[in-house]
Amino acid sequence: QKFQVGDFWITLATLMLLGGAVGKSAQLPLQTWLADVMAGPTPVSALIHAATMVTAGVYLIARTHGLFTLAPDILHLVGIVGGVTLVLAGFAALVQTDIKRILAYSTMSQIGYMFLALGVGAWDAAIFHLMTHAFFKALLFLASGAVIVACHHEQNIFKMGGLWKKLPLAYASFIVGGAALAALPLVTAGFYSKDEILWEAFASGNQNLLYAGLVGAFMTSLYTFRLIFITFHGEAKTEAHAGHGISHWLPLSVLIILSTFIGALITPPLAGVLPESAGHAGGAAKHSLEIASGAIAIAGILLAAPDGGLRRRRHGRLHPQAPGRDRRAW
């Protein structure tokens with residue numbers, strides 16, 4: 001039996017698949033569990049909560065693309081779910097104080113980009129971002145684990161500060177991973193995959209999803225470098241001891257390399273398996289969009305720098321007995 005476009009049973013089946021994918025990949029409205037499971041160890045977060053398990057919903061929809069193309073309304077719903085999730089998770093990440101919860105909300109947001117790509121029929125772009133996101137988010141989670149252990153299991157970023165000299169490898173990991181997450185132009189893996197998604201949204205005529213993606217790009221840059229500036233710069237508030245041994249530096253070093261443009265040169269999974277998308281040919285408009293999204297990412301970093309300093313000073317006033325401070329100064 002051949003199914004027609006818009007067939008009731010195909011529509012119902014794809015809606016059920018979408019429901020499973022939304023729960024598995026922590027998208028609205030089933031997203032709250034991901035931030036709560038961050039109580040687990042950071043290697044678990046790096047593997048399961050960044051690279052493999054939570055992206056399974058994206059993989060499921062990509063592999064069943066034949067069904068979703070027969071249910072265009074549900075496919076459009078996939079894109080809307082992704083667009084709304086990436087913006088709301090970005091807002092949530094802006095106000096977190098736990099270093100791992102910030103990365104958890106960031107993961108929700110980035111999977112939102114993947115759902116957005118699926119919704120506009122950019123199957124390859126979604127899987128490409130799935131791959132590059134695995135590199136830089138695993139790097140950030142492992143580096144956050146290095147910071148947490150070095151700071152005696154402290155996870156509140158406002159109780160850190162000034163760590164860049166004491167933890168040079170973790171700092172380098174956050175700079176490279178944060179740059180890839182914020183999609184800084186040309187040098188990071190995230191730039192190539194995220195801009196592919198934004199271009200496909202534009203090429204397919206989904207302007208609202210494109211605007212959601214651009215807003216999300218700005219917020220990603222803002223909350224990522226807010227985290228970096230508060231944690232690694234400013235006044236030191238805690239003692240920290242750098243890790244050592246091959247199990248500490250080797251995974252971070254490998255992931256630092258893969259989070260640069262070198263990671264984007266790897267042939268993505270399912271290359272040649274999925275159908276071509278509307279914007280696969282590219283064009284002059286694509287370069288203009290890349291310049292615009294790059295400028296947005298840099299603007300987010302510039303805005304994050306004074307915000308980090310401002311939040312540190314406010315936090316200091318609330319805690320007059322901060323170590324290294326004379327109480328009479330308050």
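This is a short walk through one helix, one buried glutamine, the empty spaces and a few odd backbone spots in the structure above.

Okay, before anything else: what we're looking at is a predicted model, so please keep that in mind as I go.

Let's start with helix H1, which covers residues 8-24. How many residues does H1 have, and how far does it reach? There are 17 residues, and from the first C-alpha to the last you get 24 Å. That's close to the 24 Å expected at 1.5 Å a residue.

Now, which residues of H1 are buried? They are Ile10, Thr14, Leu18, Ala21 and Val22. If you look down the axis of H1, these buried residues fall within an arc of 105°, so they line one face of the helix. For anyone who wants the background, an α-helix has 3.6 residues a turn, so residues three or four places apart point the same way. Turn to the face of H1 that looks away from the buried side, and you find the exposed residues Phe8, Trp9 and Met16.

And what do the buried residues of H1 pack against? Four helices: H4 (56-63), H5 (65-68), H6 (72-94) and H7.

H7 brings me to my next stop. That helix runs over residues 99-119, and Gln110 is in it. Buried or exposed? Gln110 has 0% relative accessibility, so it counts as buried. If you ignore its neighbours within four places in sequence, Gln110 is in contact with His129, His133, Phe136, Lys137, Leu181, Lys194, Thr220 and Tyr223. So that's a glutamine in contact with two lysines, Lys137 and Lys194, among others, because the contacts listed for it include both. Hold on to Lys194, please.

On to the empty spaces. The idea is simple: rolling a probe the size of a water molecule over the atoms shows where empty space is left.

How many cavities of 30 Å³ or more does the whole structure have? The search finds one. Its volume is about 40 Å³, and here's the lining: Ala182, Ala183, Lys194, Asp195, Leu198, Ala217, Ser293 and Ala297. There's Lys194 again, one of the residues lining the largest cavity and also one of the contacts of Gln110. Two elements give two or more residues to this lining, helix H10 (189-203) and helix H14 (284-318). H10 gives the most, with three residues. By class, the lining of this cavity has five nonpolar residues, one polar and two charged.

Next, the pockets. The largest pocket comes to about 270 Å³. It has 18 lining residues, and those nearest its centre are Thr42, Pro43, Leu142, Gly145 and Ala146. Which elements give two or more residues to that lining? Helix H3 (42-51), helix H8 (123-150) and helix H12 (246-258). H8 has the largest share, with five residues. The class count for this pocket is ten nonpolar, seven polar and one charged.

The second largest pocket is about 160 Å³. Its lining includes Gly145 and Ala146, which you just heard me name near the centre of the largest pocket. The lining also includes Val149, Leu167, Pro168, His241 and His248. H8 and helix H9 (168-181) each supply at least two residues, and the largest share, four residues, comes from H8. In terms of class, we have eight nonpolar, four polar and no charged residues here.

Last part: backbone oddities. There are three I'd like you to look at on screen.

One is a cis peptide bond, from Leu28 to Pro29, with omega near 0°. Pro29 sits in the loop between H1 and helix H2 (32-36).

Another is His153. It isn't a glycine, yet it has a positive phi of about 65°. Where is His153? In the loop between H8 and H9. This histidine is exposed, with a relative accessible area of 63%.

Then there's Ala183, again not a glycine, with a positive phi of about 60°. You'll find Ala183 in the loop between H9 and H10. Buried or exposed, this one? At 4% relative accessibility, Ala183 counts as buried. And you've met this alanine already, as part of the lining of the largest cavity.

That's my tour, thanks for listening.

Key. Residues numbered from 1 in each chain as written. Predicted model: local features only at pLDDT ≥ 70, side-chain atom pairs only at ≥ 80, totals over all residues. Heavy atoms only, no water. Buried < 20%, exposed > 50% of the residue type's maximum accessible area, 1.4 Å probe, protein only. Contact = heavy atoms within 4.5 Å. 1 Å grid on protein atoms, 1.4 Å probe; cavity = no way out; pocket = protein on both sides within 12 Å on 5 of 7 lines; lining within 4 Å. Points joined across faces, edges and corners; volume = space filled by probe spheres on them. Nonpolar A, V, L, I, M, F, W, Y, C, P; charged D, E, K, R; others polar. Expected span 1.5 Å × (residues − 1). Arc of directions from axis to C-beta.
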